[in-house]
Amino acid sequence: MKKFLALALSLVMAVSLAACGTSPSTPAASGSGSAGSAGSAAASGSGDQLITVGFAQVGHESDWRTASTKSVQEAFSKDNGFDLQFVDCDNDSAAQLEAVRNFIEQDVDYIVIDPIVSTGWDTVLTEADDAGIPVIVIDRTIDDSDKYISWVGSEFTNEGLAAGAWLKDYAALKGISELNILVIEGTTGSSAQIGRTNGFKKLADENGWKIIDSQSGDFTQEGGQKVMESYCKSYAGQFNVVVCQNDNEAFGAEDAMSAAGISYGVDGDVILISFDACTAGLTDVLAGKINADFQCNPLQGPFCADIVAKLAAGDTVNKETYMEEPWYVAEDALTEITYTNNAGNEVTEPLVHVTQDVVDAAY
Ligand code: GZL
């Protein structure tokens, strides 16, 4: 009761976001719920009645994660009326479950989780539910429990489908008839790894492409480099496409291929595809090192704060909200892709040709 009473009296939701809406990567929530523009929840009034929020973050493995953490910390600032208890779970699922249990013990007002992996959650979410603490999930999904009140994130399978759709059109444009592909996956069991893998593989199967090998680089640069070094030894001369499931893995793969004397990118022997489209990733797209980069938008903080503000005001919230995510390419030879998305709808989506302005506006 204390949660709602204190908040209902003191909460004012300030509409904002438009002020920072210059970047193509600025999130514009869409999806099964109310899209609306994200705002920043601001608590005012009694002053000491801050909203306590426990946030169990995946870790600090990538540029994407750094942007995600910053987005949440800025949205849940003290100035906005929040007391954020932040835990970096360092890619350790046991530590993440422990962090959530500690939040329950502290009786925080709300719990936010970015789940390292998509299973193993129902028990602890039941404990949060029994304690009357609403749970909001961001970014990755929880697939073995629905005991959370809302989720804001990405459609990872569509990211993989879009990458496959682009590769199909790009190969046709370049007259490449045979595609022999190496994949460096993200953290095993994460919904991002599962979705991107399944989406891209669907296009590979439909088009008879050969995926020679697919191993996890754990979304890190070190992991991407290690896997690519192994690939260069095992499959030299056998591959002409490398798919990295995030930019940091792509940076590692670039270093490994350069060391092995393998050319990649727009003028190279190997097509390099990446996901996330962080600033450093788009810098490599602009340089022609990465051929295409499929954005995964990390800026869920304001949307998550809006959800808390609505809950505190006694409003209903949507179960899921999808971030909008552009697809970036190094060459302007293709301007759009058409594919059947994960919902079974045929969609045509633009391809953004990367210029310095696009890099400057990235997250
Ligand atoms: C995807 C996110 C992934 C990013 C990686 O939404 O969880 O984790 O693609 C990050 O960069 O490490």
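## Asp139 and its backbone angle

In this predicted model, Asp139 lies in strand 6, a stretch that covers residues 135–139. The backbone of Asp139 has a positive phi of about 70°, although the residue is not a glycine. Most residues other than glycine have a negative phi. Is Asp139 buried or exposed? Asp139 counts as buried because its relative accessible area is 2%, and buried means under 20%.

A positive phi is also found at Asp276, where the value is near 105° in a residue that is, again, not a glycine. Asp276 belongs to strand 11, which runs over residues 271–276. With a relative accessible area of 3%, Asp276 is buried as well.

## Salt bridges around Arg65

The structure holds 15 salt bridges, and several of them can be followed by starting from Arg65, a residue of helix 2 (residues 63–75). Which residues are linked with Arg65 in a network of salt bridges? The network is made up of Glu61, Arg65, Asp114, Asp139 and Arg140, so that Asp139, already met above for its phi, appears here a second time.

Within this network, the side chains of Glu61 and Arg65 meet in a salt bridge with an N to O distance of 2.8 Å. Glu61 is buried, its relative accessible area being 12%, and Arg65 is buried too, at 2% relative accessibility. Arg65 also forms a salt bridge with Asp114, in which the closest N and O atoms are 2.7 Å apart. This pair links distant parts of the chain, since Arg65 is in helix 2 whereas Asp114 is in the loop between strand 5 (110–113) and helix 4 (122–130), 49 residues apart. Both Arg65 and Asp114 are buried. A further salt bridge joins Arg65 to Asp139, with 3.4 Å between the closest N and O atoms. Here too the pair links distant parts of the chain, for Arg65 in helix 2 and Asp139 in strand 6 are 74 residues apart.

## Strand 10 and its neighbours

Strand 10 consists of residues 241–244, and both of its faces are covered. On one side Val241 and Val243 are buried, and on the other side Val242 and Cys244 are buried.

With which strands does strand 10 pair in the parallel sense? One partner is strand 8 (residues 180–185), which pairs with strand 10 over four bridges, and another is strand 11, which pairs with strand 10 over three bridges. Val241 can be used to trace both pairings in the structure: Ile181 stands opposite Val241, while in strand 11 the bridge partner of Val241 is Ile271. Strand 11 is also the strand in which Asp276 lies.

## Acidic residues inside and at the surface

Glu159 is found in helix 5, which spans residues 156–174. This glutamate is buried, with a relative accessible area of 0%. How many residues apart in sequence are Glu159 and Glu325? They are 166 residues apart in sequence, and yet their C-alpha atoms are 8.8 Å apart in space.

Other acidic residues are placed at the surface, where Asp88, Asp90, Asp92 and Glu98 form a negative patch. One of these four, Glu98, lies in helix 3, an element that covers residues 93–106.

Methods: Residues numbered from 1 in each chain as written. Predicted model: local features only at pLDDT ≥ 70, side-chain atom pairs only at ≥ 80, totals over all residues. Heavy atoms only, no water. Patch = residues over 30% accessible without salt bridge, like charges linked within 9 Å, V, L, I, M, F, W, Y side chains within 5 Å. Areas by Shrake-Rupley, 256 points an atom, 1.4 Å probe, with all protein chains shown as cover. Salt bridge = Lys/Arg side-chain N within 4 Å of Asp/Glu carboxyl O. Lys, Arg positive; Asp, Glu negative; His and termini not counted. Charge placed at Lys NZ, Arg CZ, Asp CG, Glu CD. Helix = DSSP H or I, 4+ residues; strand = E, 2+ residues; numbered from the N terminus. Buried < 20%, exposed > 50% of the residue type's maximum accessible area, 1.4 Å probe, protein only. Pairing = 2+ DSSP bridges.
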